[in-house]
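User: I'd like to go through this one label by label and hear what each label rests on. Can you show it to me first?

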Amino acid sequence: MSDAVVHRIAAIPADGVGVEVVAAGRAVLDALAADSGGRFSFDWAEFPWGCGYYDKTGLMMDEDGLEALRDFDAIYFGAVGWPSVPDHVSLWGLRLRICQNFDQWANVRPVRFHPGVTSPLRKADDAPLDWIVVRENSEGEYAGLGGRNLSGRGPGNEVALQTSLFTETGCERIMRFAFDLARTRQVSKVSSVTKSNAQQHGMVLWDEVFERVAADYPDVATESVLVDAMSAKFVLQPEDLSVVVASNLHADILSDLGSALAGSLGLAASANLNPDRRFPSMFEPVHGSAPDIAGEGLANPIGAIGSAALMLDHLGHPAEADRVRRAIDATTGAGVLTPDVSGRARTDEVVASIIDNL
Ligand code: ATP
Ligand code: MG
């Protein structure tokens, strides 16, 4: 059809179960496109990068890899890491290289409770909860600033400094992003996370910027919560959360807590966004390469398929994204579950069920 939109997507399955779950997500997206009445389709290019590539070439990705990726509409990523390659080499050589160079400063990690999945918090038949952790993805505690051997006084006296970087621009853009996101949700509320009682520079700036930005969104409810109290709140009052905005480190920890509370790391989706849209954004499950179950057809594909739904949102298909999320919930609700969530289904059975439920 002449007015069909073709989305050009770079697929990077990379390592371990990444290969299985990217194939799963692609199958769901292609099924959706086939059913779109010719409105849209996906043009996939697959890149063989990752630890296997490193073992052969000494490179995690091609030297000109970023150039190759630059013009795609989005990147669909699996998981990086394998015992044969040190973690910092594999992570920085591929995933973080893409995140940094494509200025993916907003990391969106929805925490979704699925029907039929028992969470450590709740019974399987309780009303499902969902909230979204928005992680500042470009500075903060992971800015890489500091150094070692700073005492100048020899062995036994080493001093190391690990410095956080908070810029007003960096804080403001992630907060505006969080507020804009809150406006799209049923409960328009942003919870800001800090540790400003104990860290008197960066976190206080964070609080000040939050207050200033909040004033531009009088229709959105707000709260400011210390990270320790927020950890408790995740467990004790999760129904009180809608959008949680936090620094790189705090959101990293909280979003892992969230995915564990939802029942399994294998269920958690994420998006690394360049909201300015100068560069492609990257969509990936939160979990790693899971070497212990790789290649056995048992990986939970829902985190990757949920990430595909986030990619649909980003590509301008929010209704289709919801369709995917509803199909996921219908599948879990019917008890079609992989072993990590106490089921007996294999990856391809879960995928087939989700496609059926579309
Ligand atoms: P990374 O260091 O890359 O964050 P990790 O080593 O901390 O990753 P994973 O590779 O995600 O962790 O594995 C942690 C545990 O979760 C493993 O026992 C693994 O089998 C399990 N796991 C991870 N992803 C999945 C999945 N999609 N389906 C089922 N189990 C999974
Ligand atoms: Mg790992």
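Analyst: What follows is a run of questions about a predicted model, with the reasoning behind each answer.

User: Let's begin with strand β1. What makes β1 largely enclosed by the rest of the structure?

Analyst: The burial tally does. A residue is called buried once 20 or more other C-beta atoms lie within 10 Å of its own. In β1, residues 5-14, seven of the ten residues are buried, so the strand is largely enclosed by the rest of the structure.

User: How do you know that β1 pairs with β2?

Analyst: Pairing needs at least two bridges between the strands. β1 and β2 (residues 40-46) have seven, and they run parallel. One example to look up is I9, whose bridge partner in β2 is W44.

User: What kind of crossover links β1 to β2, and what is its hand?

Analyst: It's a β-α-β crossover: the chain leaves β1, passes through helix α1 (residues 17-34) and arrives at β2. The hand is judged with the strands pointing away from the viewer, and a clockwise path counts as right-handed. This crossover is right-handed.

User: How do you know that α1 has the length expected for a helix?

Analyst: Set the span against 1.5 Å a residue. α1 has 18 residues, and its first and last C-alpha atoms are 26 Å apart, close to the 26 Å expected. The buried residues of this helix include V17, G18, E20, R26 and L32.

User: Which strand besides β2 does β1 pair with, and over how many bridges?

Analyst: β1 also pairs with β3 (residues 74-79), in the parallel sense, over five bridges. Along that pairing, I12 stands opposite F77, and A14 stands opposite A79.

User: What makes β3 largely enclosed?

Analyst: Six of the six residues of β3 are buried, so this strand is largely enclosed by the rest of the structure. β3 also has β12 (residues 281-285) as a partner, joined to it in parallel by three bridges. There, I75 stands opposite M282.

User: Now α10. How do you know that its span agrees with a helix of its number of residues?

Analyst: The 16 residues of α10 (residues 318-333) should span 22 Å at 1.5 Å a residue, and the end C-alpha atoms are 22 Å apart, so the two agree. Among the buried residues of α10 are E320, V324, R325, I328 and D329. The cover over its buried residues includes α1, α9 (302-314) and α11 (347-357). After α10 comes G335, with a positive phi near 80 degrees.

User: N149 and A290 both have a positive phi. Which of these is buried and which is exposed?

Analyst: Take N149 to begin with. N149 isn't a glycine, yet its phi is about 55 degrees. It sits in the loop between β6 and β7 (161-165). N149 has 12 other C-beta atoms within 10 Å, so it is exposed; the cut-off for that label is 12 or fewer.

Analyst: A290, in the loop between β12 and α9, has a phi near 45 degrees, and it is not a glycine either. A290 has 22 C-beta neighbours inside 10 Å, so it counts as buried.

User: Why is L145 called exposed?

Analyst: L145 has 12 C-beta neighbours inside 10 Å, so it counts as exposed. This residue lies in β6 (residues 140-147). Leaving out residues up to four places away in sequence, L145 touches T163 and L165. L145 and L165 are 20 residues apart along the chain, with their C-alpha atoms separated by 7.7 Å.

User: Last topic, the domains. How is the chain divided, and what makes up the contact?

Analyst: Domain 1 takes 1-118 + 264-358, and domain 2 takes 119-262. Their C-alpha centres lie 24 Å apart. The contact draws on 22 residues from domain 1 and 23 residues from domain 2. On the domain 1 side, strand β4 (residues 106-112) gives the most, with seven residues. By class, that side has 14 nonpolar, six polar and two charged residues.

Note on methods:
Residues are numbered from 1 along each chain as its sequence is written. Chains are lettered from A and ligands numbered from 1 in the order in which they are written. This is a predicted model: local features need pLDDT of at least 70, side-chain atom pairs count only at pLDDT 80 or more; totals for chains, interfaces and linings use all residues. Helices (H or I, at least four residues) and strands (E, at least two) are DSSP runs, numbered from the N terminus. The expected span of a helix is 1.5 Å times one less than its number of residues. Two residues are in contact if their C-beta atoms, placed from the backbone, lie within 7 Å. Domain bounds come from an automatic or database domain assignment. Ala, Val, Leu, Ile, Met, Phe, Trp, Tyr, Cys and Pro count as nonpolar, Asp, Glu, Lys and Arg as charged, and the others, Gly among them, as polar.
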